[in-house]
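Visitor: Could you pick one part of this model and look at it closely with me? I'd like the geometry and the cut-offs behind each word, and then how that part sits in the rest.

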Amino acid sequence: MRQYANVITAYTIMAILIVLVGVFQSWNVALSILNFCLISAVMTMGANIQWGYAGLINFGIMGYTALGGLAAVLVSVAPVQEAWAVGGIDMIVCLGIIIGMVFSIRYVLKKIEKSKKRNYIIASIIVVGLILLRVISGPATELIEAVDPAKTGFLGGLGMPILFSWIVGAFFAGGLAYIVGKVALGLRADYLAIATLLISEIVIAVIKHEDWLSRGVKNVIGLKRPVPYEVDLQNSTWFIDLVEKFYSGKLKLINSLTERQDVLNQLVINASSVYVKLCLAGLFLIVVIILLIVTQKALYSPWGRMMRAIRDNDEAANAMGKNVVKEHLLIFILGSAVVGIAGAMMVTHDGLFTPGSYRPMRYTFLIWVMVIVGGSGNNFGAILGGFVVWFLWIEAAPLALFLINFFTSHLPETNTLKIHLVNSAPYFRFLTMGIGLLLIMRYKPKGILPEKIIKQ
Amino acid sequence: MDFLNAIILLLNYIIVPALSYGSQLALGAIFVTLIYGILRFANFATGDMMAFGTMFAVLLTWYFQSLGISLGFLPTALITIPFAIIMMILYMLTIDKFVFSYYRIKKSPPVQLAMVSIGVMFVTQALVRIVIGPFDRRFLDGEKFILKAIEFKEMTGLNEGLTIKTTQLITIVITIVVVSILFWFLNKTKTGKSMRAYSDNEDLALLSGIDPKKVVMITWMIAGVLATIGGVLYGLDKSFKPFVYFNNMLPIFAAAIVGGIGNPFGAFLGGYVIAFAEIFITYAYKKFFMYILPESLEPDSLVQLLSTDYKFAVSFSILVIVLLFRPTGIFKGKVL
């Protein structure tokens, strides 16, 4: 129990902070902060598996998040029948061509010895494949995108419940991680960082511009939710009764009947969105707890010890007969898959998929700040990092505004400097993040909750 | 005649823009490569540092414009560059003193320094946005074109026009001057040689009496010059927007690695490799083929290898391919 004292303290403080936001701002804000904290926590757990357990640097988190989001679209949206009718078969043929290319290249790599001839054969396979793809997919994409472009213009998905996408997202991200890992894991740490960052940008570019797949920058909106909708709640009697019971003390004070009805309506509207967010928070919490149990078990298993050995001295681990390359690839896939889950969760929460909003600042670097601030190698630390940093990220702007007003209170309202500062309050969040990261790296390089090695 | 038209078409839409964009990338790439070669870390704050330098140039340009100072047909921003460079160098040296030097003395692994540079990136980005805001700023004044398409058509009687923007010419000229001075400095002067020695083998350089503090300081100063000039030239040519500068970090990194990170000459050429590749692959060649092919063979489609949406993806793919097959870059890296 003693060893968890600082963990409990840190989480208690975090909980109090969120409750304070609930009391002073609104419960709606507090719960949406909580939800995003939980999603961030899943992302940081993924990054922590890679960086904390194995020392692999992955700056491609944005790409895996987006793939998770794409999974949410492809799973939950109903298939667009007309689009499938005009171009579906061509697209499946294209998929077949890509698979065929991959397998024929693998076959060539296996059967023919390394030579110039082999290189030419591979190059010609790629060129022929690309030309075929261009010829087949070109007209098909145009046809698909022409199907009711304002609403659909894409193939749509499977029309299954969106919760499945959390698993599918993990597989998508893991699949990409397999390819990236095969390609880039041999690189030195900082090259790996740059390579993964750029690959994630390529992924985003593809998602943004392949409109037939997920409407690209036109966004997909109105994804089905796993929890009830606010409007339905506001119209259901059981919910109104519940709210009435909950606020009965407050409602009794109001005498006029119409006034009471108005207040009740307002309360129901507020309560419905709080209720929805609570449901989502429950779902997210389940994911976080399951992941926490699994990762914690893994960390203190023989496998976890081996990963730490590989991280701290890969040559020694190699000499002991551990397959460093294979384990690196495995952990790269596992970590990315967890990030993929988070990506799907986020799209589920928002109910929309906006490829244009995936930016490295928010989805890669911020997650890294969370991992480092929280404490790499420690799952509790990583989750805490997700909470603390997301909380600051949201609350930095109001806080900055308060401080600016406080320090410039002697200045008149029309002062140019004051107006300028007040207008730029949102950007103080970057400053907070940067200074926070620098301070932590300097004075507490292992993070708020440092890694603990339990001796067995 | 058709053949000439085709060549002018390529010049106008590919070669001139690629040369100027390549020059801007090249300056940034040399900045990245110098930091990597001498201070030994990948600087993720590159794009934002360039934005920071440019920000001063923009602010000073506005100030000078309000005073009525101008350079005639040249953009006013050119006079502001020296001042902006001084501010930039001061900022860089401050950052180095309070942030990077600690890790350098501790001999932290490069990854940790890269992480620290992310912290610097956040701070710099915040400062730029707080001071000047995140909006698109144009600060170009003076004559916009050196050669207008119509004038060119009248001069030569060709169908295709050739446009050369003032900023494009300025970019190319300034880049050539700056890069020549830099290579002269690195190869001929004693300080430059000591920098190369330090990059090649730190311990040996220390043993032969090279002052590391001086080397580091000079490196940041050169970096400041390159970052500011590269940033201002890009801003003059396109426009100044902090987010775009942050994004430019990616092709700049690609250029530095393609050229062989740690090798300034490689980075210089890498900038052009990336720029030409981006524009070559995303240009629609339909009109070009219309000029050179007989009418019966004229293509129906745009003859575009990839849509312009994938401009960035092209350079990143090149980078990934280079990393796979020649991780040291096209020109062998780490020889400064």
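Guide: What follows starts with one helix and its two partners, then moves outward to both chains.

Some housekeeping before the geometry. This is a predicted model, in which local features need pLDDT of at least 70 and side-chain atom pairs count only at pLDDT 80 or more, while totals for chains, interfaces and linings use all residues. Residues are numbered from 1 along each chain as its sequence is written, with chains lettered from A and ligands numbered from 1 in the order in which they are written.

The part to look at is α6(A), residues 164–184. Helices here are DSSP runs (H or I, at least four residues), strands are E runs of at least two, and both are numbered from the N terminus. One partner of α6(A) is α3(A), residues 61–76: the two pack at an angle of about 135°, and their axes are 8 Å apart. That angle makes α3(A) oblique to α6(A) (under 35 degrees would be roughly parallel, over 145 roughly antiparallel, 65 to 115 roughly perpendicular, and the rest is oblique). The axes are lines fitted to C-alpha atoms over the stretch in contact, with angles running from 0 to 180 degrees between N-to-C directions. The crossing of α3(A) and α6(A) is right-handed, the near helix being turned clockwise from the far one by less than a right angle; anticlockwise would be left-handed.

Who does the touching? On the α3(A) side, the residues include A:G63, A:L67, A:A71 and A:V75, and α6(A) answers with, among them, A:F164, A:V168, A:F172 and A:A173. Contact means that the C-beta atoms, placed from the backbone, lie within 7 Å. Sorted by class, this patch has 12 nonpolar and 5 polar residues, with no charged ones. In this scheme Ala, Val, Leu, Ile, Met, Phe, Trp, Tyr, Cys and Pro are nonpolar, Asp, Glu, Lys and Arg are charged, and the others, Gly among them, are polar.

The other partner of α6(A) is α15(A), residues 324–350, at about 140° with the axes 7 Å apart. The α6(A)/α15(A) crossing is right-handed. From α6(A) the contact draws on residues including A:W166, A:A170, A:G174 and A:G181, while α15(A) brings A:F332, A:A337, A:G340 and A:A344, among others. The count by class is 15 nonpolar, 7 polar and no charged residues. A:F172 and A:A173 turn up in the contact with α3(A) and again in the contact with α15(A).

Now step back to the chain around it. Chain A is built with 19 helices and 0 strands, and its C-alpha trace spans about 90 × 60 × 50 Å along the principal axes. Of its 456 residues, 40% are buried, meaning 20 or more other C-beta atoms within 10 Å (12 or fewer is exposed, in between is partly exposed, and C-beta atoms are placed from the backbone). Among contacts in chain A between residues at least 6 apart in sequence, 82% join residues at least 24 apart. For a single residue, try A:G385 in α17(A), residues 379–407: it counts as buried, with 31 C-beta neighbours inside 10 Å. The C-alpha atoms of A:G385 and A:C37 are 9.2 Å apart despite 348 residues along the chain.

Chain A also meets chain B, through 31 residues of chain A and 35 residues of chain B. On the chain A side, α7, α16 and α19 each supply at least two residues, with α7(A) giving the most, 13. That side has 24 nonpolar, 3 polar and 4 charged residues.

Chain B itself has 13 helices and 2 strands. Its radius of gyration is 21 Å, which agrees with the value near 20 Å for a compact globule of 336 residues; the radius is taken over C-alpha atoms, and the rule is 2.2 Å times the number of residues to the power 0.38. Buried residues make up 47% of chain B. Two loop residues there deserve a glance at their backbone. B:R40, between α1(B) and α2(B), has a positive phi near 65° and is partly exposed, with 17 other C-beta atoms within 10 Å. B:K107, between α3(B) and α4(B), has a positive phi near 55° and counts as exposed, with 8 C-beta neighbours inside 10 Å. Most residues other than glycine have a negative phi.

Terms used. Contact = placed C-beta atoms within 7 Å.
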